[in-house]
Amino acid sequence: MASTVETEHHAPAPAEPVRDGIWRRPLKNTGLVGFLTTVDHKKIGIGYALGALFFLLLGGVEALIIRAQLMYPEQELISARTYNQLFTMHGTTMIFLAVMPLSAAFFNYIMPLQIGARDVAFPRMNALGLWCFLLGGVLLNLSWFFPGGAPAIGWFAYAPLTDRQYSPDMGTDFWIMGLQILGIASLVGAFNFITTIVNMRAPGLSMMRLPLFTWMTLITSFLIILAFPAITIALVELMFDRHFGTYFFNVEGGGKPILWQHLFWIFGHPEVYILILPAMGIISEILPVFSRKPLFGYPLIVFSGAVIGFLGFAVWSHHMFTTGLGVVATTAFAFLTMLIAIPTGVKIFNWIGTMWGGRIRFTTPMLFSVGFIWMFMMGGFTGIMHSSPPVDAQQQDTYFVVAHFHYVLIGGSIFALFAGMYYWFPKVTGRLMDDFVGKIVFYLMFVGFNLAFFPMHILGMTGMPRRTHTYKSEMGWDQSNFWSTIGAFILGVGILIFVIQIVYAYYKGRKSPKDPWDSRTLEWDTDSPPKEYNFAYTPVIHARDQVWEDKYGVEAKRMEKIAPGKHGIHMPDQSWWPLITSIGLFIACLGMVFHKQPIPLTAEAVFGLEIVIFGLVATFVGMVAWALEGPGGFHLHPDPAEYADATPAPEDGHGHH
Amino acid sequence: MRLRIRTPFLAAAGLAAGLLLLTVGCSLNIEGQQSALDPKGPVAKNQYDIFMLTLYVTTFIFITVGGALAWVLWKFRQRKGDDPNFIPPQSHGHPMLEMGLVIASAGLLVIIAIPTFGGIILKKVVPEELLDGAIEVNVVGFQWWWAFEYPEQGFYTANELVFPAGRAVKINLRADDVIHSFWLPKLAGKVDLIPGQENFIWIMADEPGYFWGQCAEFCGDSHAYMLFRAIALPEDEWEEWLETQQRDTVADDGSFEPLLAREDWGYPEDKILKGAEVFRQACAGCHSVNPRIQTNGPNLAHFGSRTSVAAGWYENEYDLLYRWIREPEKVKPGNFMYRGFLDRDGRTVIMPGLKDYDLSDEEVHAVTAYLYTLR
């Protein structure tokens, strides 16, 4: 098998460096070994997507149990503790294990194709990101199986409820350490994407020609590297409070619980934009395609994305309007928050402008995109409402806020991600998803979603606090809760049909041509699915919507293609070390959870820091071996028919990497 | 034959109509116990007014922008029989139009920003004209109940905040365990109670009334059961209430015998005396019945005159009170009355709870009856 890579694409290859022993890197790119050692951004992207979809279903089931419990007043379907665990895990799962990695799946798969790159800048780091994401998700969910069960602290885990005195069980430690690993996943991914976008764009692809989705990938990645250190620090401090007797958040030792809120939200608010900017990027790709017009006001959309990201760091205290901030701080954060409505509004105006005068085709991706605009607009309006602290004084921590962020995160992020999945599925698999079934999914999701979440506005304004596992009938919340639960289940049915559809389409869907939607950007110029090396030629870009210009534009704006040089296309070697490094981290984090805690089969605490040290040694070994195995790589020679219309490479050409 | 979905607009319109009906249906209880849409005091009224303003502004945007969106989707959709290869003009933008819309949105925000500033100050600072006659209350939040202290008179009560209508009440908020949030939707919105810091909120009820409040910040297992009542009394009843609350309710000889005249006990004497004995042994370690002393648990002096039990979850009726003491863990999971108090490690018991006492049904009946003599 090891030689198929060579024989498939090769004319006789130039001599490759021979490697032996532990530095011999795996060549098998199929099967389990191929998957575990892969550095291909496309396989990694699919790995992210499958993991994210699994966790989306898991978080969805948690949500449905929550809604079932709230369907009638004073139900006792589940205990208060279980309910509290469910909403904690639902929130954490949906944010860190579903929406973020689903966005990362698109970053990984689509972004390099959009910029004409053969892979990301650091392929092995990319693999590390995937394994950290999956293992972080596993670690977090392992908590269900240990004494005390999952954490019951809410997704923002306010101190001092997270102190050992109030949450003595291991669930909180699983949460802390799970989030730490997930943070690593996000950070390595973000550094990688920034480097890739800055350095590896095809010739001629200037920043202001970048597809909007790639722009949003770049901005989101900057948000991640600036925001995640804050939560990393907060989590380390909390870990020390729980395990080593420090008092960062404990009043008795001079700590301040409010410190946690500041650290958390200075991460947490940019996180909101980390969740929504990729969605906006996807929408900005799909609307032009199905309106057959370029994006209206491209520079302003890019700029407003950057402004949203920038302002996102200056508004965190609007989550804390009721914590007793002073008049000046409250006013400043309120007005800065209101400002964010402007760049957000700009995007909506420009999306409408994009469709204005176009020729709109209501395919499934387009329906999801239009649904996104409607519901994101609704979420934006309620956001404007509680940007005003006097209004927020009533709405904070009520179902009104729950309605608001679900409009932004489901109506916004999830609908856009579904639009993206319907849109790019043919590119990824070479098969089409049925449009009729897709529309049924859309209508079920749209109706179910609105029925589930619109009544929550009323619930919030009539006084229902969030995170309460039950309520009294006297409150007058029965009807709204009943309909909300019905809506949630309709939404669930829609998503279930989607999952069945995507599995079916993968095996049985109609074959797709390489450009089924008459699209505009570079990823549609290569095969569906793309070959291992993405592009057989090096694209030379002359226009913003290059593929559209190739089809309908003037001669001067057509793409040029440069054939690979005589050495062929240089590809990165696979590697075991990202997986081993991430397993080391996983063990270290699990060891931290078990630190001085009784675990099953042992009544007493048996572990000090032994497991942590073992895990860190494994991580260290992985990193050293990673460095020592060297960059590696091999060359591929695509079939010349694939670059028949390309100009030959310059003589010294080593091909475009 | 294959069904084709061609009319997203009809579907959207249907949905909008459905939601509107639902809204109307569910809004019939706008006067619900905790409805912020039914303000009964100046702070809540101000918050309601600004909310309505934001509602008008956003509705205006929804109609204009949403209307434009709907029109575009209708007008420029690909119709049956249209040339599928038609290429619309490839316009790239309109900077003046875009900047105009930016400025217009900024203008709309100013409309909201100005009253917002007034609202921020109103919530923080009692207006000067209301300072005269204002009373002061200290509130401490615990898992999962509220302690109310009247510092000017020097007594404590729990879970029911009584105050005179038409006068400002200055409330100092503290927490001793985790974060809670004091929320009285009809009077003043909410402010958090945070360990290690003192927060402030003020409330005022325009008329006498009975208001429901609830903890709004997730605070552990029984967060959903952490309610309270706020009772605004007319001036004369308020004076009377103040006077009553400061009276002792039990003998100070350590027997815990009620001071209430025996003919008013309402239960057989031996039952009450047994109840006093059970209370002394199993309850008095945490519950003070002296209005001037606050211990670990809710102060129970004058418990018999309260309207609710278990921090507002139950009405104060014999059967419900009995249930609360008989099986507290079922009524309010995780509560300290049952579990006792634990050390910082979360495991070591430093004060026993009812689970350690194993009271008989008869003893619980006795102590239930006894509690009604505390008034």
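Trainee: Where in chain A is the place of A:Pro160, and what is the omega of the cis peptide bond that joins it to A:Ala159?

Mentor: A:Pro160 sits in the loop between α5 (123-142) and α6 (171-199) of chain A, where helices (H or I, at least four residues) and strands (E, at least two) are DSSP runs numbered from the N terminus. The cis bond between A:Ala159 and A:Pro160 has an omega of about 0°. This is a predicted model, in which local features need pLDDT of at least 70 and side-chain atom pairs count only at pLDDT 80 or more, while totals for chains, interfaces and linings use all residues. Residues are numbered from 1 along each chain as its sequence is written, and chains are lettered from A and ligands numbered from 1 in the order in which they are written.

Trainee: What is the omega of the cis peptide bond from A:Ser528 to A:Pro529, and where does A:Pro529 lie?

Mentor: Omega is near -10° for the bond from A:Ser528 to A:Pro529, which is cis, and A:Pro529 belongs to the loop between α15 and β1 (538-540) of chain A. A:Asp518 is also found in the loop between α15 and β1 of chain A, and it takes a positive phi of about 60° although it is not a glycine.

Trainee: Why is A:Asp518 called partly exposed?

Mentor: A residue is buried if 20 or more other C-beta atoms, placed from the backbone, lie within 10 Å of its own, exposed if 12 or fewer do, and partly exposed in between. A:Asp518 has 16 other C-beta atoms within 10 Å, and therefore it counts as partly exposed.

Trainee: Is B:Asn159 buried or exposed, and how do you know?

Mentor: B:Asn159 has 24 C-beta neighbours inside 10 Å, so it counts as buried. It lies in the loop between β3 and β4 (160-164) of chain B, and its phi is positive, about 65°, although it is not a glycine.

Trainee: Why does B:Tyr156 count as it does, buried or exposed, and which residues does it touch?

Mentor: B:Tyr156, which lies in strand β3 of chain B, has 22 C-beta neighbours inside 10 Å and is therefore buried. Leaving out residues up to four places away in sequence, its contacts (C-beta atoms, placed from the backbone, within 7 Å) are B:Ala147, B:Phe148, B:Glu149, B:Pro291, B:Gln294 and B:Asn299. The C-alpha atoms of B:Tyr156 and B:Phe303 are separated by 11 Å, although the two residues are 147 apart along the chain.

Trainee: Into which domains is chain B divided, and how many residues of each are in contact?

Mentor: Chain B is divided into domain 1 (33-75 + 97-244) and domain 2 (262-371), with bounds that come from an automatic or database domain assignment. The contact between them takes 22 residues of domain 1 and 18 residues of domain 2 of chain B. On the side of domain 1 that touches domain 2, β2 (145-150), β3 (155-158) and β10 (227-233) of chain B each supply at least two residues. The C-alpha centres of these two domains of chain B lie 31 Å apart.

Trainee: How do you know that β6 and β7 of chain B pair?

Mentor: Two strands pair if DSSP finds at least two bridges between them, and five bridges join β6 (residues 180-184) to β7 (residues 189-193) of chain B, which run antiparallel. One of the bridge partners in β7(B) is B:Gly189, opposite B:Leu184, and a hairpin joins the two strands through four residues. In β7(B), five of its five residues are buried.

Trainee: What makes α13 of chain A largely enclosed, and where does it bend?

Mentor: Of the 31 residues of α13(A), 29 are buried, so this helix is largely enclosed by the rest of the structure. Helix α13 (residues 399-429) of chain A bends by about 40° at A:Tyr423, with a proline, A:Pro426, following within four residues; the bend is the angle between axes fitted to the seven residues ending at a residue and the seven starting there. Just after α13(A), A:Gly430 has a positive phi of about 75°.

Trainee: How does the radius of gyration of chain A agree with that of a compact globule, and what are the values?

Mentor: Chain A has a radius of gyration of 25 Å, and a compact globule of 657 residues would have one near 26 Å, so the two agree. The radius is taken over C-alpha atoms, and the globule rule is 2.2 Å times the number of residues to the power 0.38. Of the 657 residues of chain A, 62% count as buried.

Note on methods
Two residues are in contact if their C-beta atoms, placed from the backbone, lie within 7 Å.
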